[in-house]
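I opened the notebook to keep track of what I looked up in this one. The entries are short and go in the order I checked things.

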Amino acid sequence: MPDSPLIVARGLVKRFGDFVAVDGIDVEVRPGESFGFLGPNGAGKSSTMRMIGCVSPPSGGTLQVLGMDPATDGPRIRARLGVVPQRDSLDEELTVEENLWVYGRYFGLPRAVVQERAKELLEFAQLTDRASSIVEPLSGGMKRRLTIARGLVNTPDILLLDEPTTGLDPQARHVLWDRLFRLKREGVTLVLTTHYMDEAEQLCDRLVVMDRGRIVAEGSPRELIDTYSTREVLELRFDTDDHAHRLGDVDGIADRVEVLADRLLLYVRDGEAAHAEVLRRGLEPLSALVRRATLEDVFLHLTGRSLVD
Ligand SMILES: Nc1ncnc2c1ncn2[C@@H]1O[C@H](COP(=O)(O)OP(=O)(O)OP(=O)(O)O)[C@@H](O)[C@H]1O
C-alpha cells in the first residue's frame, strides 16, 4: 500500500537496567512527511531513533519500520535507511569524496554508480570544490553536510537525523536547513530529533513533543501552538529578583501567565493591547516585548520547564 506508514511504533519502550528512557510511545510516520521528535536533552529522542535505526533493540512494545520488524529484518531495513548520527562519524583522514565512496561500497553499490552518485551528492551538499580535501580541517557545517550526503548514498526511503544542527553556528544551521528543505521538497521522508524549537518549526510537518520518555503532545507546529498557547506573548521584565511577586499586578490581563527567573510571559491574543493595559496600570517594566508564540511556549505550558536550560 503506497500510503501505509513507514514507521509504526506502539507502546515502544527502551530500558537501560531499571531506568526507563522511552516509556511506551506511539508513533506513525507517513511517506514523504518530515516528522520530528522535539524535547530537551534526556527526553529519550536518541534512544527512539536508535531503535528505529535498528541499532538498539526495543525493550517492549512493537516497532515496524518499512513494514518489517527490526528484530528479524535489521539488515534489510538498514539498507533502506539513511542515518545522520548526533556526532559526525566521518573518516577524517580520507577525502570528502572518499568518504562517500567507502560508504557506497559498503552498501554494495557498483563503483561507477557510487562515483556518479557521489558527484550528485557533493553538488547537493555544496562540497564539490572540496571533493579532494581531507575531511579533518573542514568546518563543522561542512562536516554535517557531508554526513548528510553520506546518509543519502544508498538513496534511502527514510533519512534519520539525530540533532542535525547541534553545535553549528547560526549561518551554518541556515545552510543546513536549506539543504534539508530541498530534500523535503523532493519527497524524501525525514525523521529528525531536535531540542531547538525553531528547527522543529522550520522543518517538521508533524512532530511529537517528548519529555522524560513520554510523548506529551502531537501535531503540526501550527496545531500545537494553536492548542497550547495563545497567538501572542507579551514578555515583561521588572526590576526584581522575584518575578512571581509581580503576578498580582498583571492579574486579568492575560489568559495565562508563566513566571520565569527573569521575566513574566503573558499569553494573550493581542500583545499590543495587553501592553497598553500594562502602561495604563502604571506598571513600569524595564522592558516589554510582544512576539508570536513558538513551540518553546508549547513546551513550557506542557511541562513547566524550558526546552533549553
Ligand atoms: N546506553 C545507555 N545506558 C544507560 N542510560 C542511557 C543509555 N543511553 C541513554 N541513556 C539515558 O536515557 C535517557 C534518554 O537518553 P536519550 O539520549 O535517548 O535522550 P535524548 O532525548 O536523545 O537527549 P540527548 O539530546 O541528550 O541525546 C537519558 O537519561 C540517558 O542518560
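**Entry 1: a core residue**

Leaving aside neighbours within four places in sequence, which residues is Val209 in contact with? I found Leu38, Gly39, Ile215, Val216, Ala217, Val298, Phe299 and Leu302 on its list. I picked Val209 since it is named, with Leu160 and Leu266, among the residues with the most contacts inside the largest nonpolar core. That core has 76 residues. It draws at least three residues from each of domain 1 (7-220) and domain 2 (230-292).

**Entry 2: how far to trust it**

Reminder to self: this is a predicted model. I looked up the confidence next, and the chain averages a pLDDT of 94, with 98% of the residues at 70 or above, that is, scoring at least 70. For the complex, the predictor gives an ipTM of 0.93 and a pTM of 0.91. I also noted a general caution: where pLDDT is low, the predicted coordinates should not be read in detail.

**Entry 3: the overall layout**

I counted up the secondary structure and got 10 helices and 13 strands in the chain. The C-alpha atoms fill a box of roughly 75 × 45 × 35 Å along the principal axes. The chain is divided into domain 1 (7-220) and domain 2 (230-292), and I have the C-alpha centres of the two domains at 40 Å apart. Of the 309 residues, 40% are buried. For contacts between residues at least 6 apart in sequence, I see that 68% join residues at least 24 apart.

**Entry 4: helix H1**

Is helix H1 enclosed or exposed? All I had to do was go through residues 45-52: 8 of the 8 are buried, so H1 is largely enclosed by the rest of the structure. For the record, the buried residues are Lys45, Ser46, Ser47, Thr48, Met49, Arg50, Met51 and Ile52. I wrote down that Lys45 and Arg50 are on that list too.

**Entry 5: around the ligand**

How many residues surround the ligand? I get 13, and the closest are Phe16, Ala21, Lys45, Ser46 and Ser47. H1 turns up again here, giving the largest share of the shell, 3 residues. Strand E2 (19-29) and H1 each supply at least two residues of the shell. By class, I have 4 nonpolar, 7 polar and 2 charged residues around the ligand.

**Entry 6: just past H1**

H1 is followed by Cys54, which has a positive phi near 60°. I flagged this in view of the general pattern. Most residues other than glycine have a negative phi. Cys54 sits in the loop between H1 and strand E4. Why does Cys54 count as buried? I checked its surroundings: 21 other C-beta atoms lie within 10 Å, and the cut-off for buried is 20 or more.

Further along that loop, between H1 and strand E4 (60-65), I came to Ser59. Ser59 is partly exposed, as it has 15 other C-beta atoms within 10 Å. Leaving aside neighbours within four places in sequence, Ser59 is in contact with Val13, Lys14 and Arg15. I also looked up Ser59 against Gly304: they are 245 residues apart in sequence and 29 Å apart in space, C-alpha to C-alpha.

**Entry 7: either side of H4**

Gly108 is in the loop between helix H3 (96-106) and H4. Is Gly108 buried or exposed? I have it as exposed, with 9 other C-beta atoms within 10 Å. Gly108 and Asn154 are 46 residues apart in sequence, and I get 9.3 Å between their C-alpha atoms.

Gln115 is in helix H4 itself, residues 111-124. With 14 C-beta neighbours inside 10 Å, Gln115 counts as partly exposed. I have its C-alpha atom 6.8 Å from that of Trp101, which is 14 residues away along the chain.

After H4, I stopped at Gln126, in the loop between H4 and helix H5 (140-151). Gln126 has a positive phi of about 55° although it is not a glycine, so I filed it beside Cys54, whose phi is positive and near 60°. Gln126 counts as partly exposed, with 15 C-beta neighbours inside 10 Å.

Definitions and conventions
Residues numbered from 1 in each chain as written. Predicted model: local features only at pLDDT ≥ 70, side-chain atom pairs only at ≥ 80, totals over all residues. Helix = DSSP H or I, 4+ residues; strand = E, 2+ residues; numbered from the N terminus. Buried ≥ 20, exposed ≤ 12 C-beta atoms within 10 Å, placed from the backbone. Contact = placed C-beta atoms within 7 Å. Core = buried A, V, L, I, M, F, W, Y, C linked by C-beta atoms within 7 Å. Domains from an automatic or database assignment. Near = placed C-beta within 6 Å. Nonpolar A, V, L, I, M, F, W, Y, C, P; charged D, E, K, R; others polar. pLDDT = per-residue confidence, 0-100.
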